[in-house]
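Reader: Before I plan anything around this protein, I would like to go through its charged contacts, its strands and its unusual backbone spots. Could you take my questions in turn, with the reasoning set out?

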Amino acid sequence: MSAKEWQWQEGEYTVTRSTHWSGPGCHDGCGLLYYTKNDKLVKVEGDLDNPYNMGRLCMRCLNQVEAYNSPQRLKWPLKRVGERGENKWERISWDEAYDIIVEKVRGIQKEFGGKSIVGMEGTGRNIIWQVPYLTYAAFGSPNYVLGFLSGDSCYLPRAAQQAVMNSDFFVADCGQFFEDRYNNPEFKCPKVIMIWGNNPIISNGDGFFGHWIVDEMRMGAKLIVVDPRLTWLAARADYWLQLRPGTDCALAMGMLNVIINEDLYDHDFVENWCSGFEELKERVQEYPTDKVAEITWVPKEIIEVAARMYAKAKPASIQWGLAIDQQVTGIATAQAVNSLWAITGNTDVPGGNIIAKSGFNVDDGYSCGYGWVPKEIQEERFGNEKNPLKKYGLASTAHGDTCLEAIENGGHPYPVKMLWLQTTNTFANMASEAPRVYEAMKKVDFNVVVDLFMTPTAVACADIVLPAGMSAERDSFRAWFAPLRAITKIVDYEECKSDEQIILELGKRLHPEAFPWETVPDWLNWKMGNDKDKYPDAFKYEWSEEGKKFRERGNTQGLTYSELKEKVYIYPEWQYKKYEKGLLRRDRQPGFNTADGKVQLYIDLFDAFDVDPLPTHIEPPESPYSDPELYKEYPLILTSGARSWEFFHSEHRQQPTMRMFHPQPLVEIHPDTAEKLGIQEGDWVWIESKRGRCKQIATLKVAIDPRVVSAEHGWWFPEKEGAEPSLFGTFDSNINNLTSQCQNGPTGYGAPNKNLLCRIYKATEENSKIMPGEQVTRRGGWDYVRAQLPE
Amino acid sequence: MSELNCQNKENKGKAAAFPQAREGLERLLKSEETSGNGLLIDYEYCTGCHACEVACIKELNLGPNQYGIKLLEDGPRKMANGKWDLNYVPFPTSLCDLCKERTAEGKIPSCVQHCQSLVMSYGPVKELAEKMARKPKMVLFTPK
């Protein structure tokens, strides 16, 4: 709890302390000061008294007033008047909008059942439990999906794997659970940090402030970096493992091979707290480092020396990221990397990988309200049939690829009649095989988009568009992970409403019993475990004792939302080595909350599900080794999605300051490769796979492997024409014209978004006559065989 | 001039035998009033995140392509030992006034506060110079 007041007057400004966690934004929840004058947001600064970010802010947050005042913001509800794609709208009132939506929802519920309505959001950000609640409790649908993200390939493979292997989630220890942070006597700075498959100083993924890594480097931590690209962290690392994209599992198994065979593992932890070690030991024999070097392109000596360095450092942590999820071996890779910190004794120890708990457990994310969906309907969730992790309640989203196929298959196993799209810019951003998704979305009868700006998604597909508020325009909180932080509403913009307000108002119309709260703060209080007397029925389905996983229901012990606002943030109590103290299991015995109480190096449940219980490398479906014929035609490995300082996914493209720093989409090519192709720095080039092509600007990078290129994602151009065929130019530079859907890993998780094949050639007037926007919106896209999910 | 001095046989090229010419320049240099304060930057840990640049643009309300502090990049360059050299350092431009208004109110300059690596310090040059002596790869700026 903060010792400082939450609001004060400073000259002509009112200053309010709050948390940023909304679009446009990121996965952090930084403390900041909002400066307002005459009810307008004028300035933003970091909050020096918030231990999370300690006063620092990134360039995007510093520039956010530009977003609030953007002339391109949505101002009021809109109803489509032209054809989809014409970008013609009529202003309507909120009541009219709700009436139209309610009528459609009721009609679909009656004729097809609520399951035919799919709730979607983009990334798991500020509406992480709110949109799921709407989907389950108001629509009566089990289908909550992340904007057509193939294979749930953003944290969810790691989340599902961690759930079955140890039943809890891990983060690299940066003292983030202590209010006094690095000053806490229990905290230890890791000797070595292994950065795996992310560039945290830019991406800040999974509730982790990336520059904490820099803090620890300054305190003496050394780095090992696993990344195909030379990031700043890689340049500062003792060892940079520049692997071939999509071979992370093999690399982790090679390191495990070294650590186990050279007896560098922690015998005490393995014997007392792990199961399946002998099986793992046997499996890693299939990954000698010379073989792993061939698979990964990382020299054998580097793999060995890095493995030794990591294993010998006590403590050591691993900061992992998205690249692990974006391969067909998403689950297996996560399992192998998790095994690294398990067998080296770095589990939940100071300076290791620690078990993260959300502030006061006020967060059950994507499964919030699932109990409102009747059991028999839950079983019909997209993907449950083929994905045992979903079927048995170990994962909380429907399978996007299956949903896509249901739309394409004209209603098999059942039709999709409505998409609720809340701040997700699907085919402009996270939906791989974007033209395919575009085509499918057009087929859905009724689509609602809730967003900040008129997006390509809204223009192409929406029938109703609702304007959402930004961070300073909402009451909410951030609970992932610690501290529990208040997000405080201080300004309004036109007729925009907060995501919570929109969901609550619509929910009350659709299913009043499930939405008894009078105000948003009431709803927030419920989520914080308060007002049991005021709204007793609201707790009926929220938390049931027979829940498959043991997680405490959120409870702030009486602290209300309005009190939280004034306290700004509160840190929950925190302890290391929870497995020794009986803090993880329902029976309060020591151990992990798995069937045998151990970290399962060999995952028993996978055995039961007929899935390989140990990690195995699988080649990306389109690689030089899995498809040599394709490689002849497309001789470059394509990785994509590296983060930029200026943008969070498809956001921030409207902000002149961000575009000043980063005006156009860039593809990184090695100078030797570029020279062979007659490409120079700054040339527009076509990047093409067997599915489609897009245009970006070549930038030559000496440190990238000449066999690999790296392209940016999320590009659209708000300054360009919105109506089709342009759609703000979104298809012209869309790397997802090249990526795929329905190529998942063995459990339905993971997608090879970052490890495909492409070719590159210079853009000329001759070869640029038909732009991708025209090809996709007017000519039916490109002709190729679409991947299908296995029967 | 200096090359000639260095080649002087008497001191075997180690030091100037005739330093007067250079000393004359030193002696006649004009002196100017300073605020006495500067910016110390540990560029070993500058990640190139641009936070200082945008913090400054907002503080000084600068228009397009104007900077009060500008990030400079060196590298990446492969070194003989196989490692990569990649360095960033933000450079205060002529527009930098060390956040005169903020510091008058007892705040620290906006770039210093928001630097994501927390590698920028503001204060009396003497104190910064002492700090600088304790760690390599630091640079001290004294904007006007």
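Author: What follows is a set of questions and answers on this model, which is a predicted one.

Reader: How many salt bridges does the structure hold over all chains, and which residue forms one with D499(A)?

Author: Over all chains, the structure holds 60 salt bridges. In one of them, the closest N and O atoms of D499(A) and its partner are 3.5 Å apart, and both residues of this pair are buried. D499(A) lies in helix 20 (residues 499–510) of chain A and its partner in the loop between strand 18 (464–467) and strand 19 (476–478), so the pair ties together parts that are 25 residues apart in sequence. That partner is R474(A).

Reader: Is K577(A), which forms a salt bridge with E580(A), buried or partly exposed?

Author: The closest N and O atoms of E580(A) and K577(A) are 3.9 Å apart, which is within the 4 Å that a salt bridge allows. E580(A) has a relative accessible area of 40% and is partly exposed. For K577(A) the relative accessibility is 30%, and because a residue counts as buried under 20% and as exposed over 50%, K577(A) is partly exposed.

Reader: Turning to chain B, why does D85(B) count as buried?

Author: D85(B) forms a salt bridge with R77(B), with 3.5 Å between the closest N and O atoms. R77(B) is partly exposed, at a relative accessible area of 40%. The cut-off for a buried residue is under 20% relative accessible area, so D85(B) counts as buried because its own value is 19%.

Reader: Which residue with a positive phi of about 50 degrees is also linked in a network of salt bridges?

Author: Most residues other than glycine have a negative phi, so a positive value deserves a second look. The residue in question lies in the loop between strand 16 (418–422) and helix 18 (434–443) of chain A, and at 1% relative accessibility it counts as buried. The network of salt bridges links it with E408(A), R436(A), E439(A), K443(A) and R786(A). It is E433(A).

Reader: Which helix gives the most to the negative patch on the surface?

Author: The patch of negative charge gathers E278(A), E279(A), E282(A), D596(A), D604(A), D607(A) and D610(A). Two elements of chain A give two or more residues to it, namely helix 11 (277–284) and helix 23 (604–608). D604(A) lies in helix 23 and is partly exposed, with a relative accessible area of 38%. The element that gives the most, with three residues, is helix 11 of chain A.

Reader: In the open sheet with the order 19-20-21 in chain A, which strands are the edge strands?

Author: The sheet has three strands, with antiparallel pairing. Strand 20 (residues 484–487) pairs with strand 21 over two bridges, and in that pairing the bridge partner of L484(A) is I570(A). An edge strand pairs on one side only, and in this sheet the edge strands are strand 19 and strand 21 (569–570) of chain A.

Reader: How many bridges join strand 25 of chain A to strand 28 of chain A?

Author: Strand 25 (residues 684–688) is mostly covered, with four of its five residues buried. It forms a hairpin with strand 26, with four residues between the two strands, and the two pair in the antiparallel sense over five bridges, where W684(A) has I697(A) as its bridge partner. With strand 28 (residues 756–762), strand 25 also runs antiparallel, and V685(A) is there the bridge partner of K762(A). The number of bridges joining strand 25 to strand 28 is four.

Reader: Which peptide bond is cis, with omega near -10 degrees?

Author: Most peptide bonds are trans, so a cis bond is worth locating on the chain. One cis bond runs from K314(A) to P315(A), with omega near -5 degrees, and P315(A) has its place in the loop between helix 13 (300–312) and strand 14 (316–320) of chain A. For the bond you ask about, the second residue is in the loop between strand 19 and strand 20 of chain A. This bond runs from W480(A) to F481(A).

Note on methods
Residues numbered from 1 in each chain as written. Chains lettered and ligands numbered in written order. Predicted model: local features only at pLDDT ≥ 70, side-chain atom pairs only at ≥ 80, totals over all residues. Heavy atoms only, no water. Salt bridge = Lys/Arg side-chain N within 4 Å of Asp/Glu carboxyl O. Buried < 20%, exposed > 50% of the residue type's maximum accessible area, 1.4 Å probe, protein only. Patch = residues over 30% accessible without salt bridge, like charges linked within 9 Å, V, L, I, M, F, W, Y side chains within 5 Å. Areas by Shrake-Rupley, 256 points an atom, 1.4 Å probe, with all protein chains shown as cover. Lys, Arg positive; Asp, Glu negative; His and termini not counted. Charge placed at Lys NZ, Arg CZ, Asp CG, Glu CD. Pairing = 2+ DSSP bridges.
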